[in-house]
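This briefing goes through one chain, from its overall make-up to helix packing and single residues. Please keep the sequence and the 3D view at hand while reading.

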Amino acid sequence: MSALSQSDTKKSLASLLRLNGENFMTFVKSNIESDLVRAFHDLGADEQLALFWFVYTEMGNSVTPAAPGASTVSPEIAEGLFNQVKELPQEEQLNVQRDLINRRNTLLSREYGALSNTTKLLFWYRLAQGMDSGTIIPMPADYQLADDAKQVLEQIKQLEFEKQIAVLRDIVAPMGVDPAIADHDEVTGL
Ligand code: 45D
């Protein structure tokens with residue numbers, strides 16, 4: 001005797017199809033988002049920083065850093081890393097941010113790489129706030145975004161808030177160096 005009756009088989013087939021339908025939609029949607037993430041990462045490091053800054057100025061007010069519900073965010077850890085950057089001379093502040101984007105194997109890049117993705121996002125958010133308050137090197141007043149960066153900005157602006165967060169998280173996730181998988185670096189000895 002077979003374990004499944006004919007009607008059971010039909011039911012499980014139907015639920016399989018539904019599941020696939022859902023997965024398919026998730027796939028389509030996240031593909032649009034990952035195109036955006038890719039377009040962001042394809043920009044040069046300075047363009048990424050500049051674009052990121054404009055995203056911050058656009059989102060600024062809608063973000064409540066105390067936003068609950070993100071159990072994986074560690075404000076103290078983001079703050080600790082932020083304070084390390086804050087102590088540096090301005091030109092160095094800029095360079096460590098470039099290093100993160102270029103995934104240069106430095107101590108700070110590895111510390112960053114060990115954070116949860118949401119904590120990484122909070123760390124960038126703190127840097128942007130620092131730029132606002134004058135403790136972090138500011139954007140040059142006359143800075144003009146290049147056209148390709150402008151296009152990415154427009155697309156990010158068009159997403160609803162939740163999607164923006166998801167895209168931003170995907171953008172900051174691979175920055176820095178994951179110390180758990182990084183190769184030994186001859187130059188830095190890390
Ligand atoms: O001279 O659930 C250039 C949390 C040119 C809470 C430059 C959250 C040359 C939990 C290179 C441009 C808050 C985490 C100079 C959620 C030049 C939670 C420098 C949400 C000086 C949802 C440019 C968090 C520089 C969110 C230094 C939404 C640019 C966070 C630096 C969003 C730009 C964070 C920076 C964003 C941009 C941060 C630091 C959008 C940071 C943007």
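A residue counts as buried when its relative accessible area is under 20%. Leucine 94, with a relative accessible area of 19%, is therefore buried. The model discussed here is a predicted one.

**Overall make-up**

- The chain holds eight helices and zero strands, and from the N terminus on its elements read α-α-α-α-α-α-α-α.
- Of the 190 residues in the chain, 35% are buried.
- Among contacts with a separation of 6 or more, 82% are between residues 24 or more positions apart.

**Nonpolar core**

- The largest nonpolar core has 45 residues, and the members that touch the most others in it are Leu51, Tyr112, Phe123, Trp124 and Ile171.
- Two or more residues of this core come from each of helix 1 (6-42), helix 2 (45-59), helix 3 (75-86), helix 4 (90-102), helix 5 (107-113), helix 6, helix 7 (147-158) and helix 8.
- Helix 2 makes the greatest contribution to this core, nine residues.
- Leucine 51 has contacts with Phe40, Leu43, Leu145, Ala149, Val152 and Leu153, when residues up to four places away in sequence are not counted.

**Helix 2**

- Helix 2 consists of 15 residues, and its first and last C-alpha atoms lie 21 Å apart, close to the 21 Å expected at 1.5 Å a residue.
- Eleven of the 15 residues in helix 2 are buried, so the helix is mostly covered.
- Its buried residues include the aromatic-named set Phe52, Trp53 and Tyr56, and also Glu47 and Gln48.

**Helix 6**

- Helix 6 has 17 residues, which should span 24 Å at 1.5 Å a residue; the end C-alpha atoms are 24 Å apart, in agreement.
- Helix 6 is mostly covered, with 13 of its 17 residues buried.
- Threonine 119 belongs to helix 6 and counts as buried because its relative accessibility is 1%.
- Outside its neighbours within four places in sequence, threonine 119 contacts Thr72, Val73, Ser74 and Ala78.
- Glycine 134, just after helix 6, has a positive phi of about 90°.

**Helix 2 against helix 6**

- The axes of helix 2 and helix 6 cross at roughly 80° and come within 11 Å.
- An angle of 65 to 115 degrees counts as roughly perpendicular, and helix 2 and helix 6 are therefore roughly perpendicular to each other.
- On the helix 2 side the contact is made by Leu49, Phe52, Trp53 and Tyr56; on the helix 6 side, by Trp124, Tyr125, Ala128, Gln129, Met131 and Asp132.
- Sorted by class, this contact of helix 2 with helix 6 has eight nonpolar residues, one polar and one charged.

**Helix 6 against helix 8**

- Helix 6 (residues 117-133) packs on helix 8 (residues 161-172) at an angle of about 90°, and their axes are 9 Å apart.
- That angle makes helix 6 roughly perpendicular to helix 8.
- Asn117, Thr118, Lys120, Leu121 and Trp124 of helix 6 meet Ile165, Leu168, Arg169 and Val172 of helix 8.
- The contact of helix 6 with helix 8 is made up of five nonpolar, two polar and two charged residues.
- Trp124 of helix 6 appears in the contact with helix 8 and in the contact with helix 2.

**Leucine 94**

- Leucine 94 is located in helix 4.
- Not counting residues up to four places away in sequence, leucine 94 touches Leu49 and Ile137.
- Leucine 94 and isoleucine 136 are 42 residues apart along the chain, and their C-alpha atoms are separated by 8.4 Å.

**Glutamine 164**

- Glutamine 164 sits in helix 8 and is buried, its relative accessible area being 9%.
- With neighbours within four places in sequence left aside, glutamine 164 is in contact with Met59, Ile156, Lys157 and Leu159.
- Met59, one of these partners, is among the buried residues of helix 2.

**Arginine 103**

- Arginine 103 lies in the loop between helix 4 and helix 5.
- Its phi is near 55°, a positive value in a residue other than glycine.
- Most residues other than glycine have a negative phi.

Methods
Residues numbered from 1 in each chain as written. Predicted model: local features only at pLDDT ≥ 70, side-chain atom pairs only at ≥ 80, totals over all residues. Heavy atoms only, no water. Axes fitted to C-alpha atoms, helices over the stretch in contact; angles between N-to-C directions. Helix = DSSP H or I, 4+ residues; strand = E, 2+ residues; numbered from the N terminus. Parallel < 35°, antiparallel > 145°, perpendicular 65-115°, else oblique. Contact = heavy atoms within 4.5 Å. Nonpolar A, V, L, I, M, F, W, Y, C, P; charged D, E, K, R; others polar. Core = buried A, V, L, I, M, F, W, Y, C linked by side-chain atoms within 4.5 Å. Buried < 20%, exposed > 50% of the residue type's maximum accessible area, 1.4 Å probe, protein only. Expected span 1.5 Å × (residues − 1).
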